[in-house]
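Work through the exercises below with the model open. Each one has a task and a stepwise solution.

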Amino acid sequence: MNNLFRLDHRGYIDAVTNHIPGWLHDITALVSAQMLERQENFGIRGPLFEIGVFAGRYFSLLIRSGANAGDQVFGLDTFQFVALPAVIDHHLNHIHQPGIVTLITGRSRDFSAADLMARLAAPPRFVSIDGSHEKDDVLWDLGLADALLHEEGIVAVDDFLNPLTLGVNEAVNLFFAAKRQLAPFAYVQNKLFLCRPDRALAERAVLEASIIDSAEPRAIAWREAAAKDKGNVEGRMFGAVFTLVV
Ligand SMILES: C[S@@+](CC[C@H](N)C(=O)[O-])C[C@H]1O[C@@H](n2cnc3c(N)ncnc32)[C@H](O)[C@@H]1O
């Protein structure tokens with residue numbers, strides 16, 4: 001086991017994740033690491049999958065969880081901005097796990113859910129959607145996540161509510177206007193987190209417990225806002241109530 005994976009969440013994010021180029025808020029990295037650790041502790045097993053790896057910043061959290069649990073980790077990207085060899089040999093060189101990590105080159109819309117299931121071999125317990133920000137592409141990626149996700153899995157949709165990526169917002173709205181088997185349970189700085197509708201209350205409770213335990217500045221601000229009025233830290237959308245960390 002790579003010693004970096006033995007660091008606590010804060011230590012790993014500081015030593016590894018935050019040194020990789022990309023886009024990720026600290027509180028979102030921390031909360032994601034906690035969600036992944038909970039899956040490991042509760043025996044929720046399955047591959048981890050990211051659409052849109054770039055240099056591997058968020059992917060570094062998925063690699064750590066996959067290595068800890070012995071689960072496979074898949075990344076799909078066009079690698080048009082950071083070439084695949086640079087991702088493996090440079091950005092992820094300290095943590096790359098050749099037996100665990102598979103990077104696939106391509107556009108997500110060129111893959112059906114059946115194509116991906118053939119590669120992943122089991123329903124993924126965690127799916128990160130952070131590839132193209134065009135409406136049709138994101139809608140496709142949401143459909144893939146819905147078709148593939150483990151019954152106790154989590155989907156992270158990046159750049160929701162970002163005014164620079166309105167295609168993501170439009171796709172999320174279209175996705176939730178139609179029949180689907182995912183519901184939002186949290187929005188944490190730039191990422192909307194989804195799960196199966198019957199899991200949403202449980203996922204919210206776990207997330208809020210981790211925020212209540214945390215000494216991070218955003219977590220402290222969340223607790224202060226929640227103490228004034230719980231409605232300050234709740235969003236309502238598509239018939240769901242979800243936890244807001246903004
Ligand atoms: C915002 S970056 C991803 C950031 C990354 N998740 C991180 O943690 O820093 C978007 C990535 O999606 C890739 N991409 C763009 N269009 C894509 C598509 N249609 N399918 C898969 N990946 C795509 C780009 O090459 C780029 O690396």
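**A pair of strands to start with**

This is a predicted model. Strand β5 (residues 154-158) and strand β7 (residues 191-195) are antiparallel partners, joined over 4 bridges. Opposite D158 stands K191 in β7.

**Exercise 1.** Place this pair in the sheet and find which strands stand at the edges.

Solution.
- Step 1: write down the strand order. The open sheet has 9 strands, ordered β3-β2-β1-β4-β5-β7-β6-β9-β8.
- Step 2: classify the pairing. The pairing is mixed.
- Step 3: look at the edges. β3 (101-105) and β8 (234-237) each have a single partner strand, so one side of each lacks a neighbour in the sheet.
- Step 4: add the twist. Ignoring direction, neighbouring strands of this sheet are turned by 20 degrees against each other on average.

**Exercise 2.** Trace the connections from β1 to β2 and from β2 to β3.

Solution.
- Step 1: pair β1 (residues 48-51) with β2. The two are parallel, over 4 bridges. L48 has V73 in β2 as its bridge partner.
- Step 2: follow the chain. From β1 it passes through helix α3 (residues 59-69) to β2, a right-handed β-α-β crossover.
- Step 3: go on to β3. β2 and β3 run parallel, joined by 5 bridges. L76 is bridged to I104 in β3.
- Step 4: assign the hand. β2, helix α4 (residues 84-91) and β3 form a right-handed β-α-β unit.

**Exercise 3.** How many residues of β2 are buried?

Solution.
- Step 1: count. In β2 (residues 73-77), 5 of 5 residues are buried.
- Step 2: split by face. V73, G75 and D77 are buried on one side. F74 and L76 are buried on the other.
- Step 3: conclude. Both faces of β2 are covered.

Terms used. Residues numbered from 1 in each chain as written. Predicted model: local features only at pLDDT ≥ 70, side-chain atom pairs only at ≥ 80, totals over all residues. Pairing = 2+ DSSP bridges. Axes fitted to C-alpha atoms, helices over the stretch in contact; angles between N-to-C directions. Buried ≥ 20, exposed ≤ 12 C-beta atoms within 10 Å, placed from the backbone. Right-handed = clockwise from strand over helix to strand, strands pointing away.
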